[in-house]
Amino acid sequence: MKTGFATIVLIGAALATSGCSRIKAQQGYLIDETLFTSILPGVDNRESVSRTLGRPTFAAQFDTGSWYYVSRLTGQYAFVAPKTLQQQILIVSFDEQGNVSTVQRRGMEKIARINPEDDKTATLGKSESFFQELFGNVGQVGAAGGPLGGQPTGRDGPR
């Protein structure tokens with residue numbers, strides 16, 4: 001009887017801890033070092049880069065000077081938000097004629113860490129309490145002055 005209970009407890013513990021394994025996911029461009037190192041400034045152009053590396057993850061929007069190839073490895077435990085474990089950005093820049101001018105590699109230093117404080121975004125201006133917002137307009141209705149009690153006069157006034 002004790003052996004059966006111990007077996008059930010061990011199976012239950014194994015099932016409970018199996019959900020704690022890390023799930024890894026590769027996102028974006030899969031980098032091939034041989035292909036990337038074969039791109040040479042002054043030798044290659046847009047067409048040869050496109051044939052060698054494929055379409056970029058995204059291209060520069062305000063000029064036609066750079067293509068970006070982004071690769072990211074993320075990991076997460078069961079119900080926790082994923083964290084970036086590795087990131088590489090390959091940047092191929094072009095000159096006006098479409099020839100490769102520079103080839104760069106960036107890593108984790110380009111990840112922006114944003115830690116929101118609350119569920120509200122702080123804004124500039126006057127901060128009012130609940131009751132000030134609720135009763136702030138009391139007495140404001142019809143308070144506009146003028147010869148006809150707030151009605152506009154002149155060209156756009158009553159006819």
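In which helix is the place of S48? It is in helix α3, which covers residues 46–53. I'll come back to that helix below; here are my notes on the rest, point by point.

1. **What we're looking at.** This is a predicted model, so please read everything below with that in mind. The protein chain has four helices and five strands. Going along the sequence, they come in the pattern α-β-α-α-β-β-β-β-α.

2. **Overall numbers.** The protein chain has 159 residues, and buried ones make up 18% of them. About 12900 Å² is exposed by the chain, with carbon and sulfur atoms supplying 57% of that area. If you take the contacts with a separation of 6 or more, 45% of them are between residues 24 or more positions apart.

3. **The core.** The largest nonpolar core has 11 residues: Y29, F36, I39, V49, L53, W67, Y69, L90, V92, F94 and V100. At least two residues of this core come from each of α3, β3 (66–76) and β4 (83–94). The largest share is three residues, and β4 is where they come from. As background, nonpolar side chains tend to be buried together in soluble globular proteins.

4. **F36 as a way in.** If you want one core residue to click on, try F36, a member of the largest nonpolar core. Beyond its neighbours within four places in sequence, F36 is in contact with L53, L90, V103, Q104 and R105. L53 and L90 are also on the list of core residues. Two others on the contact list of F36, Q104 and R105, turn up again in the points below.

5. **Helix α3, continued.** Is S48 buried or exposed? S48 counts as buried, because its relative accessibility is 11%, and the cut-off for buried is under 20%. Its side chain makes a polar contact of 3.1 Å with the side chain of D44. The same helix also carries a salt bridge: R51 pairs with E47, with the closest N and O atoms 2.9 Å apart. Both of these residues lie in α3, four residues apart, or about one turn of the helix. R51 is exposed, at a relative accessible area of 61%, and E47 is exposed too, at 54%.

6. **The other salt bridge.** How many salt bridges does the structure hold? Two. Besides the R51 and E47 pair, E33 forms one with R105, where the closest N and O atoms are 2.9 Å apart. This pair links distant parts of the chain, since E33 is in helix α2 (residues 33–37) and R105 is in strand β5 (residues 100–106), 72 residues apart. E33 counts as partly exposed at 38% relative accessibility, and R105 counts as partly exposed at 34%.

7. **Q104 in β5.** Q104 is found in strand β5 and counts as partly exposed, at 27% relative accessibility. Not counting residues up to four places away in sequence, Q104 touches F36, I89, L90 and I91. Its side chain is joined to that of R106 by a polar contact of 2.8 Å. The C-alpha atoms of Q104 and S93 are separated by 8.4 Å, with the two residues 11 apart along the chain.

8. **A25 and T74.** A25 lies in strand β1 (residues 23–28) and T74 in strand β3. Leaving out residues up to four places away in sequence, A25 touches R72, L73 and T74. On the same terms, T74 touches I23, K24, A25, Q27, P82, K83, T84 and L85. A25 counts as partly exposed at 31% relative accessibility, whereas T74 is buried, with a relative accessible area of 9%. For a distance check, A25 and T84 are 9.7 Å apart from C-alpha to C-alpha and 59 residues apart in sequence.

9. **A nonpolar patch on the surface.** Which residues make the nonpolar surface patch of about 600 Å²? F130, F131, L134, F135 and V138 do. V138 is found in the segment after α4 (130–135). V138 is exposed, with a relative accessible area of 61%.

Note on methods: Residues numbered from 1 in each chain as written. Predicted model: local features only at pLDDT ≥ 70, side-chain atom pairs only at ≥ 80, totals over all residues. Heavy atoms only, no water. Buried < 20%, exposed > 50% of the residue type's maximum accessible area, 1.4 Å probe, protein only. Polar contact = N/O pair within 3.5 Å; in protein donor to acceptor, adjacent residues only side chain to side chain. Core = buried A, V, L, I, M, F, W, Y, C linked by side-chain atoms within 4.5 Å. Contact = heavy atoms within 4.5 Å. Areas by Shrake-Rupley, 256 points an atom, 1.4 Å probe, with all protein chains shown as cover. Salt bridge = Lys/Arg side-chain N within 4 Å of Asp/Glu carboxyl O. Patch = residues over 30% accessible without salt bridge, like charges linked within 9 Å, V, L, I, M, F, W, Y side chains within 5 Å.
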